[in-house]
Amino acid sequence: MKNRVTELFQIQYPIISGGMVWCSGHELATAVSEAGGLGLVGAGSMYPEILRGHIQKTKKATNKPFGVNIPLMYPDVDAIMKIILDEHVPIVFTSAGNPKTWTKTLQAEGIKVAHVVSSSKFALKSQDAGVDAVVAEGFEAGGHNGREETTTMCLIPSVVDAVEIPVIAAGGIGSGRAMMAAFSLGAEGVQVGTAFALSEESSAHPDFKARCLTLQEGDTKLVLKKVSPTRLLTSDFLTAVEEAEGRGATADELRELLGRGRSKKGIFEGDMINGELEIGQISATINEILPASRILENMIKEFYEVQEKIRNYTR
């Protein structure tokens, strides 16, 4: 499969794993890259030297392209970027911040840069900043979301029409059918979060994965909009958040409720009661834990099956 995304990143398939906190370590990044996609190490939940270790382990495990996802609001972003440059990471996906700040610095060292956006407005700003591609993420996605709450089906064509650089679709994509839908809307790649978060190689806690396999439609909600819109699965903590929001809690009160390290407690340590449990809407369609390579292979197989089915439609 060849298009601008596969050529930009020098990968076989235009499928990218999300750089998810507490899920996207070196094992998952390696597995996705080895299967022909683009694996990302998620810097958002790593101290700088921990990230360096994951990068070095990925480099030892595969000679295929991989990247690092960096939330630009990260407090140690300068140290993170120094590690990226020192370790000669070939690809960086940035999010949650101004792409102008680091894009040219990274590109000057030969690094390809993509930026995650939630609107065509921010896609245009990213293009103006010189990024090589944008990830347009709809609000179906797990974890932190844009404030626009635009669905992937509405967002992708809007962003595709707004920019000239390649568009990678994200949010609610975990199957070949969804990938085909994104491509029909003009995307040239997909970023997959939830499906890979629930893979064998994900560093998420087994109890978190098992809980996600039980989810049904409507078992995730977008909350914490006064702080940073975040999609969580149903839990005691989500109930506490909804009760606080229902009585009109301020942003500061919600931050106090959220505290520190709550996503680690839930996703990485497996505390299903007090943890912040971030996952996307498509978790309701996932019912088994598979190797990342199988997930990618299944997506590609289904993509071509759907493509053939469409070709056979009669007028």
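1. Which residues is serine 17 in contact with, leaving aside its neighbours within four places in sequence? In this predicted model, the list is Val32, Leu38, Gly39, Leu40, Gln191, Val192 and Phe196.

2. Let's stay with serine 17 for a moment. You'll find it in strand β1, which covers residues 15-17. Is serine 17 buried or exposed? Its relative accessible area is 0%, and buried means under 20%, so serine 17 counts as buried. Its side chain has a polar atom 3.0 Å from the backbone nitrogen of leucine 40.

3. Now look at helix α7, residues 152-162. Its buried residues are Thr152, Leu155, Ile156 and Val159. Seen down the axis of α7, these buried residues fall within an arc of 100°, so they line one face of the helix. If that spacing looks odd to you, remember that an α-helix has 3.6 residues a turn, so residues three or four places apart point the same way. Met153 and Asp161 sit on the other side of α7, and they are exposed.

4. What covers the buried residues of α7? The cover includes strands β5 (112-117), β6 (133-137) and β8 (167-170), along with helices α6 (120-129) and α8 (176-184).

5. Next, try tracing the open sheet: three strands, ordered β7-β11-β10, with antiparallel pairing. β7 (143-144) and β10 (220-223) are the edge strands, each pairing on one side only. Between β10 and β11 (residues 230-233) there are four bridges; in one pair of bridge partners, leucine 222 is matched with arginine 231 of β11.

6. Last stop: helix α11, residues 236-246. This helix lies across β10 and β11, and runs at about 40° to β10.

Notes. Residues numbered from 1 in each chain as written. Predicted model: local features only at pLDDT ≥ 70, side-chain atom pairs only at ≥ 80, totals over all residues. Heavy atoms only, no water. Helix = DSSP H or I, 4+ residues; strand = E, 2+ residues; numbered from the N terminus. Buried < 20%, exposed > 50% of the residue type's maximum accessible area, 1.4 Å probe, protein only. Polar contact = N/O pair within 3.5 Å; in protein donor to acceptor, adjacent residues only side chain to side chain. Contact = heavy atoms within 4.5 Å. Arc of directions from axis to C-beta. Pairing = 2+ DSSP bridges. Axes fitted to C-alpha atoms, helices over the stretch in contact; angles between N-to-C directions.
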